[in-house]
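Reader: Hey, got a minute to walk me through this one? I'd like to go piece by piece.

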2 protein chains.
Amino acid sequence: MVTIKDVAREAGVSVATVSRALNDNGYVGVDTRKKVMAAIEKLNYSPNEVARSLYKRKSRLIGLLLPDITNPFFPQLARGVEDELSRAGFRLLLGNSDENVEKEMEYIQTFVQNNVTGIISATNHLDDQIYNELKLPLVLLDRISEDYPAVYSDGREGGRLAARTLIEKGAKRITLMKGPAHVRPAQDRFQGAIEELSHADIDFSVLSTTSYSFEEALGWAKELFEQFPDTDGVIASNDIVGIAIIHEALKIGKQIPEDVQIIGYDDIPQSGLSYPTLSTIRQPAYDMGRQAAQLLIKLIKKEQHIECKIQMPVELVERNTTRKK
Amino acid sequence: MVTIKDVAREAGVSVATVSRALNDNGYVGVDTRKKVMAAIEKLNYSPNEVARSLYKRKSRLIGLLLPDITNPFFPQLARGVEDELSRAGFRLLLGNSDENVEKEMEYIQTFVQNNVTGIISATNHLDDQIYNELKLPLVLLDRISEDYPAVYSDGREGGRLAARTLIEKGAKRITLMKGPAHVRPAQDRFQGAIEELSHADIDFSVLSTTSYSFEEALGWAKELFEQFPDTDGVIASNDIVGIAIIHEALKIGKQIPEDVQIIGYDDIPQSGLSYPTLSTIRQPAYDMGRQAAQLLIKLIKKEQHIECKIQMPVELVERNTTRKK
DNA sequence: TTGAAAGCGCTACCAT
DNA sequence: ATGGTAGCGCTTTCAA
């Protein structure tokens with residue numbers, strides 16, 4: 001390993017000078033700088049981030065905690081975060097929590113132990129002590145809280161929009177799928193949908209689902225049509241489930257959207273690939289990731305007048321599982 | 001921040017003793033240990049990984065370099081790696097390269113700068129100098145090389161299997177989609193398929209695709225049916241494209257699998273959700289990730305007699321885009 | 001069994 | 001403009 005000492009020796013200067021040249025602070029003579037740069041070049045030196053981090057008590061690392069990168073919504077968030085953060089020279093320490101408190105605590109702890117400069121978290125366990133004691137900038141992503149900066153989309157409006165769309169397009173017996181109770185955004189959109197449905201002269205039923213996993217999606221879809229065989233409009237808990245419902249509907253011989261309309265949530269990339277393509281409520285996942293990163297960077301720079309709650313717009317993407325006007 | 005000094009003071013011992021107690025090496029008296037543990041508990045101390053890492057010249061971090069987590073095949077790999085690694089106390093530094101050499105180099109460099117203990121990489125740029133100069137354990141994932149330990153699946157056999165399946169199931173005018181030229185596994189499966197097709201009395205054509213992105217998948221599918229409208233068997237470059245082909249085929253009124261059979265590659269989770277469900281060649285992505293992690297851990301522990309090339313089996317998953325016998 | 005102290009690679013203060 | 005050096009929090013010799 002080539003260290004700052006080697007560079008100093010090679011350039012015939014002190015380590016202090018090398019350090020100053022490296023970090024562009026303090027005075028460094030023009031030709032001294034040249035010598036240093038030449039030495040760096042020659043030895044192919046690159047500074048040890050760990051030593052820097054120890055001294056500064058801050059690394060160039062950011063901790064990102066997500067529920068499960070295997071769920072197609074989250075990779076988009078992650079890429080948004082990564083792309084934006086890397087422009088500012090930060091790297092990502094990634095953890096999947098599986099919505100499990102212990103895992104989450106462990107990751108938060110290792111983030112801290114590694115001197116991360118900030119944390120971006122999609123957590124449902126904000127009440128936990130560990131977050132209160134955190135001395136670091138924290139941005140919530142896809143989650144809301146009074147107490148912390150957050151980037152999220154308007155779930156309530158999303159739910160309303162989904163319900164309104166189905167109502168306007170003539171669904172008469174709507175089934176509303178409710179996502180896992182412990183996932184906050186799922187509840188928001190559920191509430192939004194309930195609200196809209198309640199104000200309409202329309203029959204509707206609610207089907208509770210307890211997970212977002214691929215494996216169970218088809219199960220929920222089956223259950224849906226068993227319990228509500230004559231439903232003509234489904235508000236799926238997310239796009240995965242929406243796609244599973246398309247599958248199941250087609251399988252039992254229903255026409256989409258003639259017999260049953262379906263609306264998803266998220267607008268994951270594969271929603272445009274199903275047949276028929278899935279109408280859905282779009283969350284701008286990639287942008288949400290970027291916004292969270294930008295917000296975190298502002299927080300780190302301690303900028304003034306930071307907008308700490310960033311609500312991203314939600315949008316209806318009309319594709320082919322809903323009827324044309 | 002509470003440091004080892006604070007603990008030492010609280011426990012009335014030296015920092016050396018605390019360190020020994022913490023790491024279970026050297027002698028520590030029974031009641032001394034108790035006092036130390038009590039102090040740790042009381043102060044809620046957890047050791048600074050950065051300081052450790054500086055001294056040891058090794059962190060508990062592993063660098064993971066993937067092409068693009070947004071492609072559904074890779075999150076599976078990543079989770080496999082993460083789950084296995086975290087059992088051994090390692091955490092993940094994640095980078096997406098987008099198959100771009102510069103980004104890749106930057107990530108490898110920051111991995112090194114952060115004292116990672118090892119690297120797992122899905123790269124197509126192994127020839128690059130930076131890999132040769134690497135002093136760290138490196139495991140290739142989903143990639144092959146003479147020179148480095150690697151975990152990959154048998155792409156050639158996968159390609160053969162795909163072609164053989166279509167042939168056996170009676171396809172007469174097969175279209176073989178070729179993945180991006182710079183992606184090694186894509187070429188392997190292409191070669192395997194070509195091999196099998198060449199040995200059969202069968203007409204086939206090749207369609208080159210230059211990306212795996214969602215956005216373009218539908219475009220390739222369209223192109224496929226424009227160029228080869230009477231193809232009755234398609235070997236898709238991966239499941240995304242396979243799903244897009246299902247979409248397109250249905251759209252132009254073809255029956256699946258009567259008019260056209262389709263076989264994908266990867267077996268991503270959503271392949272079981274399309275309608276009809278996609279027959280495909282399965283790569284055990286999650287397990288590949290785990291194996292890579294295990295292999296890396298062995299390398300780190302410098303175990304003897306390590307099997308350095310781990311070829312994972314590939315498997316036909318018969319679903320509904322191929323005919324039943 | 002315990003403690004003192006050197007040193008991991010770097011930055012920043014204080015001299016010069 | 002440059003160099004000497006303390007110190008970031010930890011581990012590990014070496015002595016006691």
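Author: Sure. One term before we start: helices and strands here are DSSP runs, numbered from the N terminus. Also keep in mind that this is a predicted model.

Reader: Good. DNA strand D then: which element gives the largest share of the surface near it?
Author: That's α2(B), with six residues. Helices α2 (15–23) and α4 (49–56) of chain A, along with α2 (15–23) and α4 (49–56) of chain B, each put in at least two residues.

Reader: And which residues come nearest to strand D?
Author: A:A16, A:Y27, A:G29, B:I4 and B:A51, out of 30 residues around DNA strand D. Sorted by class, that surface has 16 nonpolar, eleven polar and three charged residues.

Reader: What about DNA strand C, which residues are closest there?
Author: A:I4, A:N48, A:A51, B:G29 and B:T32 are the closest of the 28 residues that surround DNA strand C. Again α2 and α4 of chain A and α2 and α4 of chain B each supply at least two residues. The class split near strand C is 16 nonpolar, ten polar and two charged.

Reader: Switching topic. How is chain A divided into domains?
Author: Domain 1 covers 4–47, domain 2 takes 61–153 + 286–312, and domain 3 is 155–282. Between the centres of domain 1 and domain 2 of chain A there are 36 Å, taken over C-alpha atoms.

Reader: How big a turn lays chain A on chain B?
Author: A turn of 180°, with a shift of 0.0 Å along the axis and an RMSD of 0.0 Å. That is the relation of a two-fold axis.

Reader: Which residue of chain A comes closest to that axis?
Author: A:L93, whose C-alpha is at 2.3 Å from the rotation axis. A:L93 falls within β2(A), residues 91–96, and β2(A) is joined by three bridges to strand β2 (residues 91–96) of chain B, with the two running antiparallel. In that pairing A:L94 sits opposite B:L92.

Reader: How many residues does each chain bring to the contact?
Author: 41 residues from chain A and 41 residues from chain B. On the chain A side, α4, α5 (73–87), β2 (91–96), α6 (101–113), α10 (214–227) and α11 (239–251) each give two or more. The biggest giver there is α11(A), with six residues. By class, the chain A side has 21 nonpolar, 15 polar and five charged residues.

Reader: Why do you say the copies meet through the same surface?
Author: Because 100% of the interface residues of chain A are also interface residues in chain B.

Reader: OK, β5 of chain A. Which residues point which way?
Author: A:A150 and A:Y152 point one way from β5(A) (residues 150–153), while A:V151 and A:S153 point the other way, and all are buried. That fits the usual pattern, as side chains in a regular strand alternate between the two faces of the sheet.

Reader: Which strands does β5(A) pair with?
Author: Strand β4 (residues 138–141) of chain A pairs with β5(A) in the parallel sense over two bridges. Strand β11 (residues 309–312) of chain A also runs parallel to β5(A), joined by four bridges. A:A150 takes part in both: A:L140 stands opposite A:A150, and A:K309 is the bridge partner of A:A150 in β11(A).

Reader: Now the backbone oddities. What does phi look like at A:D98?
Author: Positive, about 55°, although A:D98 is not a glycine. Most residues other than glycine have a negative phi. A:D98 lies in the loop between β2 and α6 of chain A. A:D142 has a positive phi too, about 65°, and isn't a glycine either; A:D142 is in the loop between β4 and β5 of chain A.

Reader: Are those two buried or exposed?
Author: A:D98 is partly exposed, with 14 other C-beta atoms within 10 Å. A:D142 counts as buried because it has 27 C-beta neighbours inside 10 Å, and the cut-off for buried is 20 or more.

Reader: Last thing: where are the cis peptides in chain B?
Author: One joins B:I256 and B:P257, with omega about 5°, and B:P257 is in the loop between α11 (239–251) and β9 (261–266) of chain B. Another runs from B:Y275 to B:P276, with omega near -5°. B:P276 is found in the loop between β9 and β10 (279–282) of chain B.

Definitions and conventions: Residues numbered from 1 in each chain as written. Chains lettered and ligands numbered in written order. Predicted model: local features only at pLDDT ≥ 70, side-chain atom pairs only at ≥ 80, totals over all residues. Near = placed C-beta within 6 Å. Nonpolar A, V, L, I, M, F, W, Y, C, P; charged D, E, K, R; others polar. Domains from an automatic or database assignment. Least-squares fit on C-alpha atoms with pLDDT ≥ 70 in both. Contact = placed C-beta atoms within 7 Å. Buried ≥ 20, exposed ≤ 12 C-beta atoms within 10 Å, placed from the backbone. Pairing = 2+ DSSP bridges.
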